[in-house]
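Subject: structure handover

Hi,

Here is the structure I promised to pass on. Could you open it alongside this email and follow the notes below?

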Amino acid sequence: MAVKLIVSDIDGTLIDSANLKFDPSPENRAAVRRAVDKNIIVALATGRMYKSAARYARQLGLKESTPVISYNGALIKSLEGDVVYSSCLPGELAVEILEYAFRRGLYIQLYYQDEFHFVAEEEKARIYQRSTRLPGVASGEKGLKELAATGTIPKLLIISEEGRLTRGIIADLNRDFAGRIVAVQSAERYIDIMLPEVSKGNAVRRLAKLYGCDLSEVMCLGDSENDISMLEVAGISVAMGDAADPVKAAADYVTAPVGENGFAQALEKFVL
């Protein structure tokens, strides 16, 4: 069946953020434009906050009515501001996770009203602000817990000290909060924490239903383990050439690495 909907991750797929390239390449932008010109819907799905993801959608020239999947699927909202879906961590649970992270000396930040808050200015916070091109807020432990208690937090983010520690922290979180949250890896040192029903895969299902597409008419592209859920539901699933092995295993096709415009090459192969 012909592809009617393309859903793409941003970091490591559309942009080479690991190498500090925070804009889509001309080749990737042109591929999106050609797909849109063929009346194919192109949407973004990311662990990033909505404000950051929406900037990329506008940079690519996507229609204002296009939904953006942010916070790994905890918020689906169009560029016009219409909310398709929203999920937030209950206040008591969010506070409990913060305290868990504080006890273990882990860097953790939360997202409140589409701004990110952390305990204090430090290197991880500065790097995150540079990568998103957005300022964060140093709120202290007490401030973070007060915000978490509002029950309006879509996602918490832990940044590990080293990539090799990330999987262990994820395993601990999913064990200690079993059935209450899901923790997934969205980058080498990034751990996203949401409610169990939140995933990019479920978000793609919602978009397909919104547009009246069968999942067989959906193409998804990604590079990280938080992309696996959407690769598993798509009719055509594409992993980047430099993706983690579990991501490649979940995909139908492995394209070139992000630095070699694997995104554009995949669109050229399947839809253009």
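Let's start with the cysteines, and with the cut-off they are judged by: a disulfide is a pair of cysteine sulfur atoms within 2.5 Å. Please keep in mind that this is a predicted model.

How far is the sulfur of Cys-213 from the closest cysteine sulfur? The partner in question belongs to Cys-220, and the separation is 11 Å, which is too far for a bond. The count of disulfides by that rule is zero. As for surroundings, Cys-213 has a relative accessible area of 12%, so Cys-213 is buried, because buried means under 20%. Cys-88 comes out at 29% relative accessibility and therefore counts as partly exposed.

Next, the helix pairs.

The first pair to look at is helix H1 (residues 26–37) with helix H10 (residues 262–270): their axes come within 8 Å and cross at roughly 30°. Angles under 35 degrees count as roughly parallel, so that is the label for H1 and H10. The crossing of H1 past H10 is left-handed. On the H1 side the contact is made by Glu-27, Asn-28, Ala-31, Val-32, Arg-34 and Ala-35, and on the H10 side by Phe-263, Ala-264, Leu-267 and Glu-268. Sorted by class, the residues of this H1 and H10 contact are six nonpolar, one polar and three charged.

The other pair is helix H3 (residues 91–103) with helix H5 (residues 140–148). Their axes also come within 8 Å, and the crossing angle is roughly 155°. That makes H3 roughly antiparallel to H5, because the label applies to angles over 145 degrees. From H3, the residues Gly-91, Ala-94, Val-95, Leu-98, Glu-99 and Phe-102 take part, meeting Glu-141, Leu-144, Lys-145 and Ala-148 from H5. By class, the H3 and H5 contact holds six nonpolar, one polar and three charged residues.

Now for backbone angles. Two asparagines are worth a click.

Asn-39 has a phi near 65°, a positive value in a residue other than glycine. You'll find Asn-39 in the loop between H1 and strand S2 (41–44). Is Asn-39 buried or exposed? With a relative accessible area of 66%, Asn-39 is exposed.

Asn-72 also has a phi near 65°, again positive and again not in a glycine. Asn-72 sits in the loop between strand S3 (67–70) and strand S4 (75–78). Its relative accessible area is 1%, so Asn-72 is buried.

Asn-72 turns up again among the contacts of Met-194. Met-194 is in strand S11 (residues 190–194) and is buried, with a relative accessible area of 1%. Which residues does Met-194 contact, leaving aside its neighbours within four places in sequence? They are Tyr-71, Asn-72, Leu-89, Pro-154, Lys-155, Ile-181, Val-182 and Val-184. For Tyr-71, the C-alpha separation from Met-194 is 8.4 Å, with their positions 123 residues apart along the chain.

A few other single residues, in case you want to set up selections:

- Tyr-85 lies in strand S5 (residues 83–86) and counts as buried, at 16% relative accessibility. Not counting residues up to four places away in sequence, Tyr-85 touches Gly-73, Ala-74, Leu-75, Ile-76, Glu-197, Val-198 and Arg-206. Tyr-85 and Ala-74 are 11 residues apart in sequence, and their C-alpha atoms are 7.3 Å apart in space.
- Ser-186 is in strand S10 (residues 182–187) and counts as buried, at 16% relative accessibility. Outside its neighbours within four places in sequence, Ser-186 is in contact with Asp-192, Ser-224 and Asn-226.
- Ala-244 lies in the loop between strand S13 (236–239) and helix H9 (245–250) and is partly exposed, with a relative accessible area of 28%. Its C-alpha is separated by 24 Å from that of Leu-215, and the two are 29 residues apart along the chain.

That's the handover. Shout if anything looks odd on your screen.

Cheers

Methods
Residues numbered from 1 in each chain as written. Predicted model: local features only at pLDDT ≥ 70, side-chain atom pairs only at ≥ 80, totals over all residues. Heavy atoms only, no water. Buried < 20%, exposed > 50% of the residue type's maximum accessible area, 1.4 Å probe, protein only. Axes fitted to C-alpha atoms, helices over the stretch in contact; angles between N-to-C directions. Helix = DSSP H or I, 4+ residues; strand = E, 2+ residues; numbered from the N terminus. Parallel < 35°, antiparallel > 145°, perpendicular 65-115°, else oblique. Left-handed = near helix turned anticlockwise from the far one by under 90°. Contact = heavy atoms within 4.5 Å. Nonpolar A, V, L, I, M, F, W, Y, C, P; charged D, E, K, R; others polar.
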